[in-house]
Amino acid sequence: MNKKKKKKTVKWTVKVNIISLIVFFVAWQLISMANEKYLWFNAKFLPSPSEVWLTAVEHVQDGTLLPNIAISVQRILLGFGIGTGLAILFGCFFVNIPFIEAWLSPIFNLFGAIPPFALLPLIIIWFGIGESSKVGLIAYSTFMSMLPYIVDGLKNTSPVLIRAASSLGASKMQIFTRVMIPNALPNLFVGMKIALAMTFGALMVAEMLGASKGLGFMIINARQWFRVNDMFLSIIIIGLLYELFFYILTFFEKLLFKWKTDVSSAIEK
Amino acid sequence: MSEQVTQTIPDAGDDIAIRVKDVSKKYENGMEANDDVYVLEHINIDVRKNEFVCVLGPSGCGKSTMLNMIAGYIKPSDGEIDIFGEQVKGASRRAGVVFQSHALMPWLTVRKNIMLGPKINKKSKEECEEIADKYIQMIGLQGMESYYPKQLSGGMAQRVGIARALANEPEILLMDEPLGALDAITRENMRIELLRIFEKEKITIFFITHSVQEAIYLADRVIVLKDKKVDCDVHIDLDRPRNMQSEKFIEYVKFFESKLGTGTVTSD
């Protein structure tokens, strides 16, 4: 009975979610079509979804779209991966070696206050416009926004769990690997989800300044040729990519943290 | 009060499991030494092997501090604590601990929680599985091995906590109000269960509670901590299973309630 009810509510929200998206796109299509007819403003400013779709097909056929997507995805994966890896590494150092934290955390706090994008022109002057400075900026942005979540997760381990493990004979290292790390994993995923927005932001900035490929470049390039259709196409793909990455993270989160999800809902209706 | 409730400290011998020698604990409260607050002063307790000792006392009497010192989580300010003749120098697997808040790893299943100790101590996989089987059977949670702590009721979680501590084969078992968070009926059942385990496993138990009835029902000896000191140390001369309605039992209850100040300690 209870289960059935729960399933029903889930279906109900999903239905509304889908309808909401359909309504959005239909409204967009209608407004754009009406604008073409009545010319409230320049029709080129707001292409309809169907026109964007045709643009997409056209660019797939002329072979310009997929390589741009591929290079952006590659930059995201590399930057996000490196940033996450470094954040985990530094998080572990910070928590285990107070000396390192005492030395580095003020510096990280100082830099953390600066939007990473402000550093890009400097990075380009120092390291050129190669792939490494782009991936570097993305990794840096990811790292900076994720580190606090990891440190927080590691430090917020319940003392009673640490006591329990030490009474089972766990060494300091074992307490770290068997108690603190599993305890911090949910926080790591929260951090990754939040950092993802920064990662995408960094990708855009990096590709808009001094790139010749990628989704960000597509937007900048389209502006020069006044190809609003291309802009819309790129923007939509960025949105979809973000959703995809977010979904993948959520999927793994659900898979890994079954122990966290409550079996019973807080208030039964 | 009748004669059997007199102070009976066991003779010193080789079979002393826990020896608390002139232990004091103070917490620094201010800049000057005079501001230090003593929670325990000159405590002497001997617990014999295979003895079930309950420590009774009002909240804040230092009974949890006592347990935390035996467990090695905190250090005595003065004096020494030995487990089987060897000084306690920090938390170790020699003293298994059961907490009031079960303290199971939330990310591990029932089975993996029980296997945690053996795994930490690098036992082989087969051995770990064998131990897990044995203790899951002991606490009667067959079929629930793959449950996570969140899915367990309070009583079940506490049984897993006890199994986890025992699976590691500790020399002594310390229990810090393990039944305190349970409802009356579960608590009743858990006491019977605990005595069954105690008799089967032949283990030394140091048990903290604020329930007079619980202490008398469970313990071979009841120690009352009051005003930072051992107020009395009484051997409970009743056969198990004990009848809580029996005259003698009620006599003990009255005795301890008078020690603690009537009305300050409520039964469950």
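**Exercise 1. Find where Glu169(B) sits, then work out how exposed it is and what its backbone does.**

Solution. Start with the place: Glu169(B) lies in the loop of chain B that runs between α4 and β7 (172–176). Keep in mind as you look that this is a predicted model. Next, count neighbours: Glu169(B) has 15 C-beta neighbours inside 10 Å, so it counts as partly exposed. Finally, turn to the backbone: phi of Glu169(B) is near 50°, a positive value in a residue other than glycine. As a rule, most residues other than glycine have a negative phi.

**Exercise 2. Do the same for Asn50(B): which loop holds this residue?**

Solution. Asn50(B) belongs to the loop between β2 and β3 (52–56) of chain B. Its phi is near 60°, again a positive value in a residue that is not glycine. For exposure, a residue is buried with 20 or more neighbours and exposed with 12 or fewer; Asn50(B) has 15 C-beta neighbours inside 10 Å and therefore counts as partly exposed.

**Exercise 3. Is the peptide bond from Arg240(B) to Pro241(B) cis or trans?**

Solution. Check omega: the value is near -5°, and the bond from Arg240(B) to Pro241(B) is cis. Then locate the proline: Pro241(B) is in the loop between β10 (229–235) and α7 (247–260) of chain B. For background, most peptide bonds are trans.

**Exercise 4. Describe how helices α3 and α4 of chain B pack.**

Solution. Begin with the geometry: α3 (residues 125–138) and α4 (residues 154–167) of chain B pack at an angle of about 140°, and their axes are 10 Å apart. Because of that angle, α3(B) is oblique to α4(B). The crossing of the two helices is right-handed. Now list the residues: α3(B) contributes Ile131(B), Tyr135(B) and Met138(B), while α4(B) contributes Ala163(B), Leu166(B) and Ala167(B). Sorted by class, this contact has 6 nonpolar residues, no polar and no charged ones.

**Exercise 5. Which strands does β1(B) pair with?**

Solution. Take β2 to begin with: 8 bridges join β1 (residues 16–27) to β2 (residues 37–48) of chain B, and the two run antiparallel. Within this pair, Val23(B) stands opposite Ile43(B). Then take β4 (residues 78–83) of chain B: 5 bridges join this strand to β1(B), also antiparallel. Here Ser24(B) stands opposite Asp78(B).

**Exercise 6. How many residues does each chain bring to the contact between chains A and B?**

Solution. Chain B gives 22 residues and chain A gives 17. On the side of chain B, β6 (95–98) and α2 (110–120) each supply at least two residues. By class, that side has 13 nonpolar, 7 polar and 2 charged residues.

How values were computed
Residues are numbered from 1 along each chain as its sequence is written. Chains are lettered from A and ligands numbered from 1 in the order in which they are written. This is a predicted model: local features need pLDDT of at least 70, side-chain atom pairs count only at pLDDT 80 or more; totals for chains, interfaces and linings use all residues. Two strands pair if DSSP finds at least two bridges between them. Helices (H or I, at least four residues) and strands (E, at least two) are DSSP runs, numbered from the N terminus. Two residues are in contact if their C-beta atoms, placed from the backbone, lie within 7 Å. Ala, Val, Leu, Ile, Met, Phe, Trp, Tyr, Cys and Pro count as nonpolar, Asp, Glu, Lys and Arg as charged, and the others, Gly among them, as polar. Axes are lines fitted to C-alpha atoms, for helices over the stretch in contact, and angles run from 0 to 180 degrees between N-to-C directions. Angles under 35 degrees count as roughly parallel, over 145 as roughly antiparallel, 65 to 115 as roughly perpendicular and the rest as oblique. A crossing is left-handed if the near helix is turned anticlockwise from the far one by less than a right angle, and right-handed if clockwise.
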